[in-house]
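Please read the briefing below alongside the sequence and the coordinates. It takes up the ligand, the metal site, the cysteines and one helix position in turn.

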Amino acid sequence: MDPSELRRNVEEAVQRIAVIDIHTHLYPASFGGLCRWGIDELLTYHYLVAELFRSAPVSPPQFWALTRPQQADLIWETLFVRNTPLSEATAGIVTVMKELGLDPSQPDLKEARLYFASLNLDQHIERVLDLAKVSELVMTNDPFHPQERNLWEKGTACPERFHRALRLDPLLNDWGSTQALIAAQGFETGKQLSPQRLSETRRFLDQWIARLRPVYLAASLPFDFTYPDDSPRSILLRGVVFPTCLEHGLPFAMMIGVARGTNPDLGEAGDSLGYADTASVERICWENPGLRFLVTMLSRENQHALCVAARKFSNLLPFGCWWFLNNPSIVAEVTAERLELLGASFIPQHSDARILEQLLYKWAHSRRTIARVLFDSYLRLFEQGYRVTRQQIDRDVARMFSGNFRSWVGRPESS
Ligand code: HDL
Ligand code: ZN
């Protein structure tokens, strides 16, 4: 195999491999309005909303007063007609439209809307998952979200390939108001945490674990997260979340670095990021050797320290290029340093998709970048006379795109 054959083999292996998308905000069709899809949802994705305000003389209140189709028309006109879709989020829409056979240079959304209106949603979901080669995905399931809670409590069907993740942000980041929600459901909780209230909160989680059968528990944690400290969060982590994960044999996913509501006028688009404390992650891994942790951090400046932490703690599995990191230039940088520091013992990417068809661009763009960086790693071996085989390449790629996750959540190949 010469270098050009090597490159072709790596690209082929990465393009072909089915991926388990370990963090998304997607839902199956049975979840009704929570399943977001189609051109108007794609164009009003909060990444594009944020970009709109930089290129159009419209204020947030004026924008929020528009209907969703009007918002989508304005975004299309501003970011795709009056400007070139150069950003990752706008280029992603171009990729989605190409994958679906739509013309991204149309002056309006007439053609696209007619296309999406013609679709059968169940078939469309299957087609998008197949095109993106997403064999399974993990949802983000919030037991404190009234609409979602209602759907689970009435036993809404959920296809097995839509794995569940029990998301605990309100519990860990806003105990004051969340404990009242839990108490209203008949659990003995309260602002002041006592051993009895901790076990009642565990009983609440046990009930949701039985209902959802999640593959992991998860929380996004702010950039100024520290552990341990004297906040309710540390008490709940140590007294509820970690023992619950241990008892149920579930990993805990920590997504660290967000600055929620930096610009509240922008709604979902108003969150920013901050440099976080990786020493807290190391303390958690050290304190809980029997637990497995999935960790992703939002600041580019945290990535190297996260790799080093993973070298110190084999119960720490770094994953994905999250949110503001999911841009080809940063995916390349982060993937290269992970390969150099961790070999194939990490999960290179997740989509974080909120709108179904985003899978098409998020995975197409990531596969292209990951293949390029992975090739460089194999080329370095080639130049030392090491002849890597196609079997080795397939093995390494399968480990990163699904194997590492399966072993973390204890789901053998067949499940
Ligand atoms: O907290 C999260 O899971 C983040 O992914 C947020 O949902 C964020 O708004 C997002 O969609 N990032 O891509
Ligand atoms: Zn997310």
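In this predicted model, a polar side-chain atom of R167 lies 2.7 Å from an oxygen atom of ligand 1. Taken alone, ligand 1 exposes 320 Å², and the protein buries 98% of that area.

**Surroundings of ligand 1**

- Ligand 1 is surrounded by 13 residues, of which the closest are Y47, R167, R260, D352 and R354.
- The side chain of W322 also places a polar atom 3.1 Å from an oxygen atom of ligand 1, and for H23 the distance between a side-chain N or O atom and a ligand oxygen is 3.2 Å.

**The zinc ion (ligand 2)**

- The zinc ion is coordinated by NE2 of H23, NE2 of H25 and OD of D352, at distances of 2.0 to 2.1 Å, so that H23 is named both here and among the polar contacts of ligand 1.

- Along the chain, the donors of the zinc ion follow the spacing H-x1-H-x326-D.
- The pair H25 and D352 links distant parts of the chain, 327 residues apart, with H25 in the loop between β1 (19-21) and α2 (39-43) and D352 in the loop between α16 (328-342) and α17 (358-382).
- H25 counts as buried because its relative accessible area is 16%, which falls under the 20% cut-off.
- D352, which is also listed among the residues closest to ligand 1, is buried as well, because its relative accessibility is 7%.

**Cysteines**

- A search of the whole structure finds zero disulfides.
- C285 is buried, with a relative accessible area of 2%, and its sulfur forms no such bond because the closest cysteine sulfur, in C245, is 12 Å away, which is too far.
- C307 is likewise buried, at 1% relative accessibility, and its sulfur lies 9.9 Å from the closest cysteine sulfur, that of C321, so this distance is again too far for a bond.

**The position of E51**

- E51 is placed in helix α3, which covers residues 46-52.
- E51 counts as partly exposed because its relative accessibility is 22%, a value that falls between the cut-offs of 20% and 50%.
- Leaving aside residues up to four places away in sequence, E51 touches L79, S87, A89 and T90.
- E51 and P328 are 277 residues apart in sequence, and their C-alpha atoms are 18 Å apart in space.

Technical notes. Residues numbered from 1 in each chain as written. Chains lettered and ligands numbered in written order. Predicted model: local features only at pLDDT ≥ 70, side-chain atom pairs only at ≥ 80, totals over all residues. Heavy atoms only, no water. Helix = DSSP H or I, 4+ residues; strand = E, 2+ residues; numbered from the N terminus. Buried < 20%, exposed > 50% of the residue type's maximum accessible area, 1.4 Å probe, protein only. Contact = heavy atoms within 4.5 Å. Donors = N, O, S within 2.8 Å, 3.2 Å for Na, K, Ca; no water. Near = heavy atom within 4 Å. Polar contact = N/O pair within 3.5 Å; in protein donor to acceptor, adjacent residues only side chain to side chain. Areas by Shrake-Rupley, 256 points an atom, 1.4 Å probe, with all protein chains shown as cover. Disulfide = S-S within 2.5 Å.
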